[in-house]
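Biologist: I am new to this structure and would be grateful for a close look at its cross-links. Please explain them step by step, in one connected account.

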Amino acid sequence: MLDSVFRKRLAIWSGRSFALCFVLFLAGCANGSVSGPVQISLIQPIAGGHCQYQVVPTSVTTLSNINTLKGAVGQVVTTNSVLDSVPEILDSFKGLNPPDLDFGSSGGVYFPEDFQTLFNASLYQAVEETYLLTLAAGPQADLTVLNPNLSQTRIIYNAQLSIDDTGELTTDNAAYQAYPVTLPDGSAVVRDYLYAFPDHTVTLLPLGLNKGILGHESMHEWNRYAWMGKVDLTNTLTKNTIRSVDEGTADLAGFMISTDSNFFDCTFPIQGARDLAKRKMFDTNLSSNIATKKKGYPIHDAGAVWAYAQWKIGSAIGQRENLNALERMFLNFSSCARNDGEYDFNSIIQCHLRAIGSRSGAASSVYSDVFAGTFGG
């Protein structure tokens, strides 16, 4: 049976225009090691709707074990410890354990018996869907090749991590972190983490169930291994530009797997500030100090402009076609540098137009409008 907290939360979301329905089955528990592809009843966005979700059987293809939520794109884990207070946790995964899960099954479909199981299974599926989204660009975009240790990614449910030296814990957020570790033999490795922090003030769709936000964070991992991690960010202009493009491309991925251009508002009511379909301009507030502001440049604001441009281009030539062109560009990103080896929005825009090819006219018009004064200069 579904626990009382789970029932209460479903009722609350239904009252806030989340179209949720949950089918109860009379069936046994899921036993043994069940691998993908497998059908699991999960919360999914209703295509074309805004902040509308339903619980439906969903194909999960990359799991190696449903009972540990471990597979090709990582493993969902949890811990009661504050992560940065016990260094060996992030250094070696010590103390990160599979969450308690309770699946039932009926007619070949597995269904979560409680809220925690629903939440954790949804985390894994959203990360998988972002992986499959990027994979559609071709085998060269396969994150399991770009990052051979992808299956070692830890997706941490209710992660506890300090914000700063005050010891205050991060809440109401999600994040991707590439965590560098020096091994006892002196060699260096990177541990990849996706954090779903506890919801304290979020009263709308929880972060871990917001498909767009999870797609956004998962895309950061693809960006890092495909292109961003290969760029020297010493130069201020290059750093601010690259980090902005990273954020905007992550917004695009979030939109594509949620089908909701304003997915941020489903969790954070920010009046459409990150709505991809809301017109934005790369104005003087963003362009005047992009080459000089070493700290605190508004990468999310600049990224939102990049995301709007991509949504607009995708609306003209097809969202899938545009993302494929972006991925082709990123996979050959060194060719996008200026003659001095640095990057700015103009050099990246020109590179993107080349990647689009014969249909670049529509994209050029979008860039001329959105980046007026930057594009072509």
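Modeller: What follows is an account of the disulfides, one helix residue and the salt bridges. The model is predicted, so local features need pLDDT of at least 70, side-chain atom pairs count only at pLDDT 80 or more, and totals for chains, interfaces and linings use all residues. Residues are numbered from 1 along each chain as its sequence is written, and side-chain values use heavy atoms, with hydrogens and water left out.

I begin with the disulfides. A disulfide is a covalent bond between the sulfur atoms of two cysteines. Here the term is applied to a pair of cysteine sulfur atoms within 2.5 Å, and by this rule there are two disulfides. One of them joins Cys-51 to Cys-266, with the sulfur atoms 2.1 Å apart. Cys-51 sits in the loop between β1 (38-45) and β2 (53-60), and Cys-266 in the loop between α6 (236-258) and α7 (284-287), so this pair ties together parts that are 215 residues apart in sequence. Helices (H or I, at least four residues) and strands (E, at least two) are DSSP runs, numbered from the N terminus. The link of Cys-51 and Cys-266 is left-handed, with -95° about the S-S bond. Buried means under 20% relative accessible area, exposed over 50%, and partly exposed in between (1.4 Å probe, protein chains only). Cys-51 is buried at 8% relative accessibility, and Cys-266 is buried at 1%.

The other disulfide joins Cys-336 and Cys-351, whose sulfur atoms are 2.0 Å apart. Cys-336 belongs to the loop between α9 (319-331) and α10 (345-356), while Cys-351 is in helix α10; the two are 15 residues apart. The torsion about their S-S bond is about -65°, so this disulfide is left-handed. Cys-336 is buried, at 1% relative accessibility, and Cys-351 is buried at 4%. With the bonded cysteines of the protein chain numbered in sequence order, the pairing reads 1-2, 3-4.

Helix α9 also contains Asn-322. This residue is buried, with a relative accessibility of 0%. Contact means heavy atoms within 4.5 Å. Leaving aside residues up to four places away in sequence, Asn-322 touches Gln-310, Ile-313, Gly-314, Ile-317, His-352 and Ile-356.

I turn now to the salt bridges. A salt bridge is a side-chain nitrogen of Lys or Arg within 4 Å of a carboxyl oxygen of Asp or Glu, and the structure holds seven. One of them pairs Arg-279 with Asp-369, the closest N and O atoms being 2.5 Å apart. This pair links distant parts of the chain, with Arg-279 in the loop between α6 and α7 and Asp-369 in helix α11 (residues 360-370), 90 residues apart. Arg-279 is partly exposed at 49% relative accessibility, as is Asp-369 at 30%.

Another salt bridge brings together the side chains of Glu-321 and Arg-359 (2.9 Å, N to O). Glu-321 lies in helix α9 and Arg-359 in the loop between α10 and α11, so the pair ties together parts that are 38 residues apart in sequence. Glu-321 counts as partly exposed at 31% relative accessibility, and Arg-359 counts as partly exposed at 37%.

Finally, Arg-338 forms a salt bridge with Asp-344, with the closest N and O atoms 3.2 Å apart. Salt bridges that share partners join Arg-338, Asp-340 and Asp-344 into one network. Within it, Arg-338 is partly exposed at 30% relative accessibility, whereas Asp-344 is buried at 17%.
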